[in-house]
Amino acid sequence: MAGSQVVQSVDRMLGSRSLATLLAATAGERPGYRALAQGVRTLLLDGRITLHTRLPAERDLAGALGVSRATVTAAYDLLREGGFAQSRRGSGTWTLLPEGQRPTSVAAFPAGDDVIDLALAAPYAPQAELAAALRAAGGMLTELAASPGYHPYGIPELRAAVAERFTRRGLPTLPDQILITSGAQHAVSLTLGLLGKSGDRVLVENPSYPNGLDAIRGAGLRTAPVPVTADGWDSDLIESTLRQTAPRLAYMIPDFHNPTGAVMPAEQRRRLLDAVRRTGTWLIIDETLSDIALDAAPPAPFASLAQHGEAEQVVTVGSLSKTHWGGLRIGWVRAGSRLITELTQRRVTLDMAGSVLDQLVALHLMKDMDTVLAERLPRLRAQRDALAAALARHLPEWRWELPAGGLSLWVDLGRPMATALARAALDHGVRIEGGARFGADPGTYEHRLRIPFTLPAEVCEEAARRLATALSTDLPASALAPRQPHWVA
Ligand SMILES: Cc1ncc(COP(=O)(O)O)c(C=O)c1O
């Protein structure tokens, strides 16, 4: 029962003018109490208002909206009844989600053969280049085998190659500013483990990369979410959240953000750098998707915009998983050399060092990065367009913004049915995660699916057809309820 939930901490406040601005788009001007409650609920489920946020006092919100206080009182009553808010005398009213709103991941359900796997947004390996790199690596391996083979920082040649690529992209970097890791996820987890301690806060985007969010929670850290929509980031809100919650860390994906595909404009990057300098927040910038630039030039490294010493607070992580192949398990951290040493000391306690053979393969692949991308990017662009066309054909009510890069569409289903649809889709041979998996707060993004375009065009077409069949044949009627759910009626 929502009413029995104990709110651990109510640490964010939403001003009446901010809420009125947010509501203008969803509830319209001078809304009645039902529309007002529905608007708040939509904003909450869409991650644009976060859980445990204190709502404005009734009188203030009434003033900002130009409605009577009774309207706001009735709307807050409705929200409480539905489990979307809780109040305590003297403490105000804050946002909540009902228990039943918590989603299930499809990973918990078995899938048959012949399943189209849309749960992962990861491309296959470039086969010819991989085979050539493996042959070249084999030759070098015999030379290196006359040593113990432990390279906790990574083999020097690969550290130099990664540093050189940062330098070429506009961020002068020395090899001793690079640590080679087993993928970006390893890099993020190592950084969280070194810089955060249990109970610390981490500013995160909402939605965000689920394994990043899990790593944050797994480290005992608390998230402070800020929304990212098709329109991108809200710098004012980021700044006020930084001020209000004073997070120790921030985890951000400014380039072709996963899952929305948004790219943070340069001016917002500068504001973010300024803001974290003021609050002393470490900034983990995840550049895993930076090179998957389909309709735009790949952005320069985020840290290259630092002007006043904030570069020291920026920890950049990257990976070959999206440009080449996740099976390589090669990623990196770029940071100040002292931090790199501390991260490496920590990594030794976890896995000693990475595989030399994998690093040699990566070294050879990186030499030919532009050739791989010249083949890969046009194919991804064509697959993105094929997926969009297939969805438009089979599921004409669904909506999305075509992203300028990245590997997936962030699709608005129009109704909160993603978990039910993901479960039904399994029976029709499609494995896909509902949008809630990407939410910083459980129970949000129930009307979203992230659909990758990493599979060939004909498979995208078949996946869209199967999703449409699952939707029309298997979905419980309750999941197909119209936009106005019964609880406000
Ligand atoms: C934003 C982001 N970060 C990190 C990762 C994990 O990358 P890796 O395979 O290098 O660990 C992914 C993979 O999907 C990702 O999209």
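# Contacts, crossings and odd backbone spots

Pro 298 counts as partly exposed, because there are 18 C-beta neighbours inside 10 Å. That falls between the limits of 12 or fewer for exposed and 20 or more for buried. Keep in mind that this is a predicted model. Pro 298 sits in the loop between strand E11 (282-286) and E12. Setting aside neighbours within four places in sequence, Pro 298 is in contact with Ser 290, Asp 291 and Ala 293. There is a link across the sequence to look at as well: Pro 298 and Arg 169 are 129 residues apart in the chain, but C-alpha to C-alpha they are 9.1 Å apart in space.

Leu 339 makes a similar story from inside a helix. This leucine belongs to helix H11 (residues 337-351). Is Leu 339 buried or exposed? Leu 339 is buried, because 20 other C-beta atoms lie within 10 Å. Val 315 is 24 residues away along the chain, and its C-alpha is separated from that of Leu 339 by 9.0 Å.

## Backbone oddities

Now for the loops. Two cis peptide bonds turn up, and both lead into a proline. One runs from Asn 206 to Pro 207, with omega near 5°. Pro 207 lies in the loop that joins strand E7 (201-206) to helix H8 (210-218). The other joins Asn 258 and Pro 259, where omega is about 15°. Pro 259 is in the loop between strand E10 (249-252) and helix H10 (266-279).

That E10-H10 loop also holds Phe 256, which has a positive phi of about 50° despite not being a glycine. Phe 256 counts as buried, since it has 27 C-beta neighbours inside 10 Å.

Where does the positive phi of Arg 329 occur in the fold? Arg 329 is in the loop between strand E12 (314-319) and strand E13 (331-334). Its phi is near 55°, again in a residue other than glycine. Arg 329 has 19 C-beta neighbours inside 10 Å and therefore counts as partly exposed.

## Helix against helix

Three helix pairs are worth a look. Here is their geometry:

| Helix pair | Angle | Axes |
|---|---|---|
| H1 (residues 16-27) and H3 | roughly 50° | within 9 Å |
| H3 (residues 58-65) and H4 (residues 69-81) | about 120° | 8 Å apart |
| H9 (residues 235-245) and H10 | about 10° | 10 Å apart |

Start with H3 and H4. Their angle of about 120° lies outside the 65 to 115 degree range for roughly perpendicular and is not over 145, so H3 and H4 are oblique to each other. The crossing is right-handed. On the H3 side the contact is made by Glu 58, Arg 59, Leu 61 and Ala 62, while H4 brings in Arg 69, Thr 71, Val 72, Thr 73 and Tyr 76. By type, the residues of this H3-H4 contact split into four nonpolar, two polar and three charged.

H3 has a second partner in H1. H1 and H3 are oblique too, because their roughly 50° crossing is neither under 35 degrees nor in the 65 to 115 range. H1 passes H3 in a right-handed crossing. Ser 16, Arg 17, Leu 19 and Ala 20 of H1 face Asp 60, Leu 61, Gly 63, Ala 64 and Leu 65 of H3. The residues of the H1-H3 contact come out as five nonpolar, two polar and two charged. Leu 61 is one of the H3 residues in the contact with H4 and also one of those that meet H1.

How do H9 and H10 run relative to each other? With an angle of about 10°, which is under 35 degrees, H9 and H10 are therefore roughly parallel. In H9, Ser 235, Ile 238, Glu 239, Leu 242 and Arg 243 meet Gln 268, Arg 271, Leu 272, Ala 275, Val 276 and Thr 279 of H10. The contact of H9 with H10 divides into five nonpolar, three polar and three charged residues.

## Around the ligand

Which residues come nearest to the ligand? Of the 16 residues around it, those are Gly 183, Ala 184, Gln 185, Ser 319 and Ser 321. Helix H7 (residues 183-195) gives the largest share of the shell, three residues. As for character, the shell holds six nonpolar residues, nine polar and one charged.

Methods:
Residues are numbered from 1 along each chain as its sequence is written. This is a predicted model: local features need pLDDT of at least 70, side-chain atom pairs count only at pLDDT 80 or more; totals for chains, interfaces and linings use all residues. Axes are lines fitted to C-alpha atoms, for helices over the stretch in contact, and angles run from 0 to 180 degrees between N-to-C directions. Helices (H or I, at least four residues) and strands (E, at least two) are DSSP runs, numbered from the N terminus. A crossing is left-handed if the near helix is turned anticlockwise from the far one by less than a right angle, and right-handed if clockwise. Two residues are in contact if their C-beta atoms, placed from the backbone, lie within 7 Å. Ala, Val, Leu, Ile, Met, Phe, Trp, Tyr, Cys and Pro count as nonpolar, Asp, Glu, Lys and Arg as charged, and the others, Gly among them, as polar. A residue is near a molecule or strand if its C-beta atom, placed from the backbone, lies within 6 Å of it.
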